[in-house]
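Trainee: I should like to request a close look at a single part of this model, the salt bridges, set in the context of the chain as a whole.

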Amino acid sequence: MAALKGKALIAYLIVCVFWGSTYLAIKVGVTELPPFLFAGLRFAVAGFLLLAIARALGDPLPKRSDWPTLAIVGLLLLAGGNAFVVWSEQYVSSGVASIFVVTVAMWTALFDAIIPGGSSELNCRVAAGLLLGFLGTLLLVGATPAEILAADKRGPIALTIASASWSLGSVYAKRHPTQASPYMGAAIQMIVGGTAVAIVGTALGEWASWHLSSRGMGAISYALRHASATIVGTYAYVNPVIAVLLGWLLLHEPVGSRTFIAMGMILVAVVWIQFSLKLRRADGRMGGSAETPRPISQAARPPVDPEPEAST
């Protein structure tokens, strides 16, 4: 942040506000529209629009060999990741959802360490960070074992699945880079993921409750323009704060000391894990075992450093 001045700082703050307010738009959307159709249709529409724009700008369609990878990543990121975030906001506040999503960085570190071919390892420092983050998510559910057992766990379970699925998709994309352009790759992922989620909504009979009000239309339009579930750089640490404050101010969502303590624990865990991984890489370089750079897919990068792409 120290290097950001003038227009760059203004742009950074605007991005933080827009992306942090995504969870607010989702909360409004699920109060007006069925969750899977709301999530699926906006991604399918956005995907086709991006595909048309990319083609108009001269980007070629992906090679046949790249389609399976793009489809799998789209299903993991959007059908598994984003759709469960949207569904969960029927049962949790937008601020709590945003805090849970920060755990994507923790899940990514875990999967990168345990899935063969990764650059991370599950050492004591990383394990300590994962444990702290896990305790923070438990605190969001309840302060005591009795409260945790009595709480409505549909939202937290869905958010945990969403974070794990998004992280798995990110790691899979790292292991299987494609030759597609970033815009074309994102378009195919959104089309595949969005269509899959819309099919699920159709199978669940959500069309019967699809009544597009002006409020619901506004939520879809906002989400299409600004939504992104990707954790990008330091935005990962700013987004949940923005989301919690907006939910409290505009939707009157309850915010207590427990929420901020849990958010602090999770953010500290994410920063600690990132620091531990960077420290390990630095030790490796000093020991003469620097890692060979590997190509990374346009769909995902290591935690808190992916490109902005598919949305939440």
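How many helices and how many strands does the chain have, and which residues are linked in a network of salt bridges?

Mentor: The model is a predicted one, and every value below is computed from it. The chain has 13 helices and zero strands; read from the N terminus, its elements therefore run as α throughout, α-α-α-α-α-α-α-α-α-α-α-α-α. Of the 312 residues in the chain, 51% are buried. Contacts between residues at least 6 apart in sequence join residues at least 24 apart in 89% of cases. The accessible surface of the chain amounts to about 14,300 Å², and carbon and sulfur atoms account for 70% of that surface.

Now to the part you asked about. Side chains of opposite charge can pair when their charged atoms come close. A search of the whole structure yields three salt bridges. The network consists of D112, K174 and R175. In the pair of D112 with K174, the closest N and O atoms are 3.3 Å apart. Because D112 belongs to helix α6 (residues 104-114) and K174 to helix α9 (residues 154-175), this pair ties together parts that are 62 residues apart in sequence. Both D112 and K174 are buried.

D112 also forms a salt bridge with R175, where the closest N and O atoms are 2.9 Å apart. Here again the partners lie in helix α6 and helix α9, so the pair ties together parts 63 residues apart in sequence. As for D112 itself, its relative accessibility is 4%, so D112 counts as buried, the limit for that class being under 20%.

A further salt bridge joins R154 to D152, with the closest N and O atoms 2.7 Å apart. R154 has a relative accessibility of 42% and therefore counts as partly exposed. D152, at 39% relative accessibility, counts as partly exposed as well.

A different kind of charge placement is found at R42, whose charged end sits over the ring of F38, 5.5 Å from the ring centre. As for rings paired with one another, the count comes to three aromatic pairs.

Two further sites complete the picture, one buried and one on the surface. V141 lies in helix α7 (residues 124-141). With a relative accessibility of 17%, V141 counts as buried because the limit is under 20%. Leaving aside residues up to four places away in sequence, V141 touches F100, E147, I148, A151, P156 and R258. V141 and R258 are 117 residues apart in sequence, while their C-alpha atoms are 9.7 Å apart in space.

On the surface, L245, W248, L249, L250 and F260 form a nonpolar patch with about 510 Å² of accessible area together. Helix α12 (residues 235-250) supplies the largest share of this patch, four residues. L245 is placed in helix α12, and its relative accessible area of 36% makes L245 partly exposed.

To return to your request: D112, K174 and R175 are linked in a network of salt bridges, with D112 and K174 both buried, whereas R154 counts as partly exposed, as does its partner D152.

Note on methods. Residues numbered from 1 in each chain as written. Predicted model: local features only at pLDDT ≥ 70, side-chain atom pairs only at ≥ 80, totals over all residues. Heavy atoms only, no water. Helix = DSSP H or I, 4+ residues; strand = E, 2+ residues; numbered from the N terminus. Buried < 20%, exposed > 50% of the residue type's maximum accessible area, 1.4 Å probe, protein only. Contact = heavy atoms within 4.5 Å. Phe/Tyr/Trp six-rings, centres within 6.5 Å; stacked < 30°, edge-to-face > 60°. Lys NZ or Arg CZ within 6 Å of the ring centre and 35° of its normal. Patch = residues over 30% accessible without salt bridge, like charges linked within 9 Å, V, L, I, M, F, W, Y side chains within 5 Å. Areas by Shrake-Rupley, 256 points an atom, 1.4 Å probe, with all protein chains shown as cover. Salt bridge = Lys/Arg side-chain N within 4 Å of Asp/Glu carboxyl O.
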